[in-house]
Amino acid sequence: MATTAAREAVRRRPIAAGISLATTVSVCAAYVVENDSQNDNSLHLPRSYDAQRIQQYWRVRPISVASRIFDIVAESAPIVCSVAMNWNALDGNYDLQRSYAAQVKDTLTRLGPAFVKIGQQISIRPDLVPPPVLSELQKLCDSVEPVSDEIALGVLRDELNVDDFREIFDDDVYLVASASLGQVYKTRLEGEAVAIKVQRPDMLQKVSLDLYLLHQYANFVDKFTSIFTEQPAFHEELIKNFAAGSYSELDYEREAANQKRFKKELGRRKCKVKIPKVYDSLTTRRVITTEWIDGVKLANAPKEVIKDLIPVGVELFLTQLLDVGAFHADPHPGNLYVTSDGNLCLLDFGLVAEVDSQSQEAMTAAIVHLISGDFGTLVSTDAKKLGFLPVDMDTRELQPILTKILTEGLLESGSNLRTRSKKLMQISSELNEVFFKYPFSVPPFFALVTRGLGLLEGIALSGDPNFDIFQASYPYARRRAVELFGVRGLKDIYLERMKGD
């Protein structure tokens, strides 16, 4: 009887029945594939970033991937729709802004580390979002909902191979902060206060899945832009570089090595910055133990302190970028402190990017050319050396357009992004022409450069609304240009500029 009823249903609704059957078969097949993958010991996530192995791992786990996509949509859609419907009511209504900001913060927290990073970057842009939103989102830097002490301290015991912490430490271990990837505990070791960062459970699985989805999205964007614009495919390579940095944050032994390297390199250059000491014997892949720093976040310091220290921060970043050849790419408010004796302190070296010597020289020259107004050389030479334009491209047609964009959209608008956005809107037709007509691409490491500078700029604007990142960068870039090209070389740059005029 059931068989007869099923046949009748198929006869009456063949399309619906076909879709139902196909869905059932697909789900069953996905279940079989994923179940088999769980028993395949050859498939596991790598310790160091490997895009191909990560893709192989998640391609055979379609149910997990589909579930994650559903989670992202289900979590984000309600708040996005609600904000869109009440957009006009948000203007000037601080209570409503604070309410929505709290909901956004909670949503980003539930979605995991990748989304928390987005919130962290927005949290230090006073020129983009109002104060109530800033104060809520800044909680994502070190006030994320922690896992229980039972779980976190269990990880710590396993990693340090100890049952009783008194065997190692002088005091109890207690929680002081919780971030997206781990949470920080404080105790004392041989009379000195130390900070112990413990990674949250299952971070490798969660982060790698989000990076896998990000790769798929970038691949789609590359295919779309290659069909409808003249842009070469660069988004996937850009994401690959960002993903490699993000993945490396999961290896605390790598972070410890980065921290010791920066302490040594910045110390050699006599940079006015404090880098905490690392305790190697109490550091593993999921635990890092460092010197405890007493102080306040730079973003929470008095405005006059921020104003005094930001030039130090800009020079610190440019020293890393243009001299050391590696830079701290995650200087959010939780990682930049003012010590009790008034010095700038840099924490958390999990996200570090490398820059080769050729790119260092090209960026130094580009900054000098940008500030001095030599847009001809900036476009015809620097943009090619940095990989923004093909080496064999004739840039004569492009130079007048980019000169207008760089002059009106950047140099004349200062660092305030509200003003800059208005300027760029006025020249939007020229911008569209540049991005759709000309073969622009973005160097892979540049995503982390702009992220780091953007975060630093945001903190600077909270202390000085008139802060200009370009003018702040010029003094060090000029000194570095003299070191790289000599006084004669720098003089030639200015002579070329005068000939152009």
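In this predicted model, Glu-136 forms a salt bridge with Lys-139, and the closest N and O atoms of the two residues are 3.1 Å apart. The two partners differ in their surroundings: Glu-136 counts as buried because its relative accessible area is 10%, under the 20% cut-off, while Lys-139, with a relative accessible area of 33%, is partly exposed. Salt bridges with shared partners also occur elsewhere, where Glu-265, Arg-268, Arg-269, Asp-323 and Arg-480 are joined into one network.

Glu-136 has a further partner in Lys-105, and here the side chains meet in a salt bridge with an N to O distance of 3.8 Å. Glu-136 belongs to helix α8 (residues 131-137) and Lys-105 to helix α6 (residues 94-111), so this pair ties together parts that lie 31 residues apart in sequence. Both Glu-136 and Lys-105 are buried.

Across the structure there are 21 salt bridges. One of them brings together the side chains of Asp-210 and Arg-68, at 2.7 Å from N to O. Because Asp-210 sits in helix α10 and Arg-68 in helix α4 (residues 62-85), the pair links parts that are 142 residues apart in sequence. How buried or exposed are the two ends of this bridge, Asp-210 and Arg-68? Asp-210 has a relative accessibility of 8% and therefore counts as buried; Arg-68, with a relative accessible area of 12%, is buried as well.

Helix α10 spans residues 203-228 and also holds Ile-227. In contrast to the buried Asp-210, Ile-227 counts as exposed, since its relative accessibility is 63% and the class begins over 50%. Ile-227 is one of the residues of a nonpolar surface patch, together with Tyr-217, Phe-220, Phe-224 and Phe-228. The accessible area of this patch comes to about 640 Å².

A surface patch of another kind carries negative charge, and Asp-170, Asp-171, Glu-190 and Glu-192 gather in it. Glu-192 is located in strand β3, which covers residues 192-199. With a relative accessibility of 48%, Glu-192 counts as partly exposed, because this value falls between the cut-offs of 20% and 50%.

Turning to helix α12, this element runs over residues 252-268 and includes Asn-258. Asn-258 counts as buried, at 12% relative accessibility. Which residues are in contact with Asn-258, leaving aside its neighbours within four places in sequence? These are Phe-349, Gly-350 and Val-352.

The individual sites can be placed within the chain as a whole. The protein chain has 501 residues, and 48% of them count as buried. Its secondary structure comprises 20 helices and 10 strands. Among contacts in the chain with a separation of 6 or more, 68% are between residues 24 or more positions apart. The salt bridge between Asp-210 and Arg-68 also joins separate stretches, as its partners are 142 residues apart in sequence. Finally, the protein chain exposes about 25,400 Å², and 55% of this area is supplied by carbon and sulfur atoms.

Conventions
Residues are numbered from 1 along each chain as its sequence is written. This is a predicted model: local features need pLDDT of at least 70, side-chain atom pairs count only at pLDDT 80 or more; totals for chains, interfaces and linings use all residues. Side-chain values use heavy atoms; hydrogens and water are left out. Patches are made of residues with over 30% relative accessible area and no salt bridge: like charges are joined within 9 Å, nonpolar side chains (Val, Leu, Ile, Met, Phe, Trp, Tyr) within 5 Å. Accessible areas come from the Shrake-Rupley method with a 1.4 Å probe; for residues, only the protein chains shown count as cover. A salt bridge is a side-chain nitrogen of Lys or Arg within 4 Å of a carboxyl oxygen of Asp or Glu. Lys and Arg count as positive and Asp and Glu as negative; His and the chain ends are not counted. The place of a charge is taken as NZ of Lys, CZ of Arg, CG of Asp or CD of Glu. Helices (H or I, at least four residues) and strands (E, at least two) are DSSP runs, numbered from the N terminus. Buried means under 20% relative accessible area, exposed over 50%, partly exposed in between (1.4 Å probe, protein chains only). Contact means heavy atoms within 4.5 Å.
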